[in-house]
Amino acid sequence: MAALAGHRFTLFTITAAANAGRHPARDLLTGEAFTLVTFGLEPIAAPGARLAGRLVKLDDFHVLISAAALLDNDALTTIRPWLSRDGRALANPARCAEALYRDAIAELRLVLPGVFGSGDDHEDVAAPDDVFHEIAAAWASGDPSPEQENVIRGRTSVDDLITVIQYLRVAREGGNGRLAAAYERIAVLQMETLHRRAAVGNAAAGETLKAFEAEIDRAIRTGEIPAFYRDLFDELNRRARPASGRKATDEAGAELDRLRARIQALQAKTVEQGCTEEEALAAAAKVAELLDRHGLSLSELEMRQQTCEGTAIETGRKRRAPIDDAMPVVARFCDCRYWIETGRDGDLRFVLFGLPADVTAARCLHDLIGAAIMVETAAFKAGPLYADHPSNQKASATRSFQAGMVHEIAGKLTDLKRQRSRATLKSTGRDLVPLKADIVEQELARLGMRFTEKAVQTGRSVLKDAYHAGRAAGQAFELEPRIGGGASTSGE
């Protein structure tokens, strides 16, 4: 068992045909020659095959204790950022493995020994000694702790899911029912976490589950694994799917639906009227009023009985744009959290996460700002300032105008949020912001996602005259008279 603790992720090649189940191999990083003993790689372990996986040394041979990824040219491209300068080590093996397994599943370049293979009975060589085994052993004899559940939620990469299912198979076929049940609970929690992430707009989570399911079907069709594993996946997946959103009462649910419909109708009417910056800010004030009225109508228990939601905003571009600078303020204005993801195609996407009405409002506000930018930009391009810029500066002038406009809108939303909080606390004695923040943070913990906050360096230069024109467009409008009094654009 002590030897198993020294497992390592590496790249290797099969150098000759197997002899009695022993494959001559060579480490592609260190050049070390070794003997590989594993089961289920026969379809791909031909001489010259290049693979990646976790190896552990036992006596005079090595054992593969993870999935094996085929190293084609695309895989080598994925690995390259993690190679040391001399090419003899991986700078971050864990991150490299996660990226490689994610792509391998999507491209059907993955083989799981003992599961996606021959199925020979050699469970004793696959005994794990890692965090999954420690938690499974604890769960086999007791109930899981919240801390252990959070560890599992944070370990839901492709590599982690495959590892747990492999361990589940070993425990089942080895006759250890309690340990197998514990691994089932881990696998269900992992898949439930992926479902939750997919539901809030995390595209990678949904792709992971779909790709893994496709790989199981492929392996069954080719006879590499028995149909039992499809039944296992379906059962775990069924148990893992979270229940649909919970509501305190039918009446509360209907009220929430009415609120979201009003916010969406407000957005539609504002866009229909042309959606200038003035109208967008007026709509923001009305949205704030609706959110506060709804929040104050709920008790703390009723608010906590809501399920947080997420919505993804696809930008369709690979570089940041001026409107992106509004996202932090939009999220704070609506008591939401947001994060940025990069898709497989390199496109940026924003995900807004929070209570249902708040997410609807944040999406509405973001779209209204986008529509207002289009309207005001068209007016700017029709004016003399834009015409005076030479052709090689017109694109920069447009971006500068939009940046100035967005910064002005952001400032006004920040002021409005501050006024709302003070007014609500003074009139009702309640501060909804900390309560909503606590609910959102608890729900985020259930996603098991790790976030890194950093300042975004846009490197954007602006043309001062166009930038100040954008700010002036916003400074011409006063938001204060509309606060608490409704907005003419609301249709109320």
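**Group meeting: cores, a hairpin and a buried glutamate**

Let's start at Phe-9. Leaving out residues up to four places away in sequence, Phe-9 touches Ala-52, Gly-53, Arg-54, Leu-90, Pro-93, Cys-96, Ala-97, Leu-100 and Tyr-101. Keep in mind that this is a predicted model.

Now the core around it. The largest nonpolar core holds 47 residues. Phe-9, Leu-100, Tyr-183 and Ile-186 have the most contacts inside that core. Who supplies it? At least two residues each come from strand E1 (8–14) and from helices H1 (73–79), H2 (93–106), H3 (131–140), H5 (158–173), H6 (177–199), H7 (203–221) and H8 (228–240). H6 gives the largest share, 10 residues. Another core, of 31 residues, lies apart from this one. Among its members are Ile-323, Ala-326, Val-330 and Cys-334. As a general point, nonpolar side chains in soluble globular proteins tend to be buried together.

Next, H7. How far apart should its ends be, given 19 residues at 1.5 Å a residue? The expected span is 27 Å, and the end C-alpha atoms of H7 are 27 Å apart, so the two agree. The buried residues of H7 are Ala-205, Gly-206, Thr-208, Leu-209, Ala-211, Phe-212, Glu-215, Ile-216, Arg-218 and Ala-219. That list includes Glu-215 and Arg-218. For reading it, remember that an α-helix has 3.6 residues a turn, so residues three or four places apart point the same way. After H7 comes Gly-223, with a positive phi near 80 degrees.

On to the strands. E2 (residues 22–27) and E3 (residues 33–37) run antiparallel, joined by 5 bridges. Ala-25 has Phe-34 in E3 as its bridge partner. The hairpin has 5 residues between the strands, and Gly-31 in this hairpin takes a positive phi near 80 degrees. E3 also pairs with E5 (residues 61–64), this time in the parallel sense, over 2 bridges. There, Val-37 stands opposite Val-63 in E5.

Last stop: Glu-341, in strand E9 (residues 337–342). Is Glu-341 buried or exposed? Buried: its relative accessible area is 13%, and the cut-off is under 20%. Which side chains does it meet? Glu-341 makes a polar contact of 2.9 Å with the side chain of Trp-339. Its side chain makes another with the side chain of Arg-349, at 2.7 Å. Beyond four places in sequence, Glu-341 touches Gly-201, Asn-202, Ala-203, Asp-347, Leu-348, Arg-349, Val-351 and Met-449. So Arg-349 appears both as a polar partner and in the contact list.

Technical notes. Residues numbered from 1 in each chain as written. Predicted model: local features only at pLDDT ≥ 70, side-chain atom pairs only at ≥ 80, totals over all residues. Heavy atoms only, no water. Pairing = 2+ DSSP bridges. Helix = DSSP H or I, 4+ residues; strand = E, 2+ residues; numbered from the N terminus. Core = buried A, V, L, I, M, F, W, Y, C linked by side-chain atoms within 4.5 Å. Buried < 20%, exposed > 50% of the residue type's maximum accessible area, 1.4 Å probe, protein only. Contact = heavy atoms within 4.5 Å. Expected span 1.5 Å × (residues − 1). Polar contact = N/O pair within 3.5 Å; in protein donor to acceptor, adjacent residues only side chain to side chain.
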